[in-house]
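Me: Could you take me through the side-chain contacts, the enclosed space and the backbone of this model, with the cut-offs stated as each term comes up?

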Amino acid sequence: MILVCAFLVKALTSGESLSEYAEKNPEIAYQVGKSDDSGTAESVKAESESAVETVSDDIESTATSTAGTSYILCDGFTSQPLPADVISRITGSSYPADDSALISLDDLSYLTLLYVNFDGQDMEGEMICNKSIAKDLLEIFKELYDNQYPIERIELVDFYQADDESSMENNNTSCFNYRMISGSNKLSKHSAGLAVDLNPLYNPAVSTAKDGSTKVEPATASAYIDRSQNFAHKIDTSDLAYQVFTRHGFTWGGNWHSKKDYQHFEKSID
């Protein structure tokens, strides 16, 4: 209220209209334009788009109009540029310590998310994603939370030394991890922060190895290969997570042909 009053006084005493003063003082106008009623903070200034450099043939370039900004969907669901302590935690772990990464730290967002765990308790998780899908993920996980959708844990893969197998075995839901697709020399969509693995222990990645054997990731998830069986936390096309993610333009790995990745949701950005 004080800031709003100060803005009005300065504008009126300058002899300019409010719109004229706002154009000459965009930073002040932006502060006045913030809204506390719905828990959101929207900028009145247009942000220039920035493209993410292509990291491999299977990762699309990305662009966003919210570069360098923080966003609050509501209490418990926030997005911001990577804080210094988070950068310190991921450097040399999920993010290369050298200059080999084809995605900048500036192209990533740090999210806080509320979720309901398997014991029915409200928990706060953290996730790193490409900033171009930050709002999507806030809205997706807010809808899952509102519907009491159970997620065992949401932690950065750095709690597992960025080891994907360990993270999956612990049924950890995560997004960003600068790594190759398992068994290939191509960077994963996770390397661009454009993919989420949800409750991965109960929704493994299943493929056929060169020797004809079945490969399961995580290796401890063989009990959940048969998707014709009914069991808790199974993602299929009738599942709420599938419905919400696909409504936001994500594709599901469970619909792939050569490999079934039931935990995996990814989005391509033009």
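What follows is a series of questions and answers on this structure.

Reply: This is a predicted model, in which local features need pLDDT of at least 70 and side-chain atom pairs count only at pLDDT 80 or more, while totals for chains, interfaces and linings use all residues. Residues are numbered from 1 along each chain as its sequence is written, and side-chain values use heavy atoms, with hydrogens and water left out.

Me: How many salt bridges does the structure hold?
Reply: Side chains of opposite charge can pair when their charged atoms come close. The criterion used here is a side-chain nitrogen of Lys or Arg within 4 Å of a carboxyl oxygen of Asp or Glu. Under that criterion, the number of salt bridges in the structure is 9.

Me: What distance, N to O, is found for the salt bridge of K142 and D146?
Reply: K142 and D146 are 4 residues apart in helix α5 (residues 134–146), and so about one helical turn separates them; helices (H or I, at least four residues) and strands (E, at least two) are DSSP runs, numbered from the N terminus. K142 has a relative accessible area of 22% and is partly exposed, and D146 is also partly exposed, at 45%, where buried means under 20%, exposed over 50% and partly exposed in between, with a 1.4 Å probe and protein chains only. The salt bridge joins their side chains at an N to O distance of 2.7 Å.

Me: How many residues apart in sequence are the parts that R179 and D164 tie together?
Reply: The side chains of R179 and D164 meet in a salt bridge at 3.6 Å, N to O. R179 belongs to the loop between β8 (172–173) and β9 (195–197), whereas D164 belongs to helix α6 (residues 164–169), so the parts tied together by this pair have a sequence separation of 15 residues.

Me: Is K234, the salt-bridge partner of D236, buried or exposed?
Reply: The salt bridge between D236 and K234 has an N to O distance of 4.0 Å. D236 is partly exposed, at a relative accessible area of 24%. For K234 the relative accessible area is 12%, and therefore K234 is buried.

Me: What volume does the second largest cavity have?
Reply: A cavity is a set of points, on a 1 Å grid over the protein atoms alone, where a 1.4 Å probe fits but cannot get out, and its lining residues have an atom within 4 Å of a point. Grid points are joined across faces, edges and corners, and a volume is the space filled by probe spheres set on the points. A search of the whole structure finds 2 cavities of 30 Å³ or more, and the second largest of them has a volume of about 50 Å³.

Me: How many charged residues are in the lining of the second largest cavity?
Reply: The lining includes E126, M127, L156, D158 and F176. Ala, Val, Leu, Ile, Met, Phe, Trp, Tyr, Cys and Pro count as nonpolar, Asp, Glu, Lys and Arg as charged, and the others, Gly among them, as polar. By these classes the lining has 6 nonpolar residues and 1 polar residue, and the number of charged residues is 3.

Me: Which residue forms an aromatic pair with F245 at 5.2 Å centre to centre?
Reply: The structure holds 10 aromatic pairs, with rings of Phe, Tyr and Trp (its six-membered ring) pairing if their centres lie within 6.5 Å, and with planes under 30 degrees apart counted as stacked, over 60 as edge-to-face and the rest as tilted. F141 and F245 form an edge-to-face pair, 6.1 Å centre to centre with 90° between the planes, and this pair links helix α5 to helix α7 (residues 240–247) across 104 residues. F245 also forms an edge-to-face pair, with 85° between the planes and 5.2 Å centre to centre, and the partner there is F250.

Me: Where is Q148, which has a positive phi, placed?
Reply: Most residues other than glycine have a negative phi, and most peptide bonds are trans. Phi of Q148 is near 60°, and this residue is partly exposed at 46% relative accessibility. The place of Q148 is the loop between α5 and β7 (153–154).

Key
1 Å grid on protein atoms, 1.4 Å probe; cavity = no way out; pocket = protein on both sides within 12 Å on 5 of 7 lines; lining within 4 Å.
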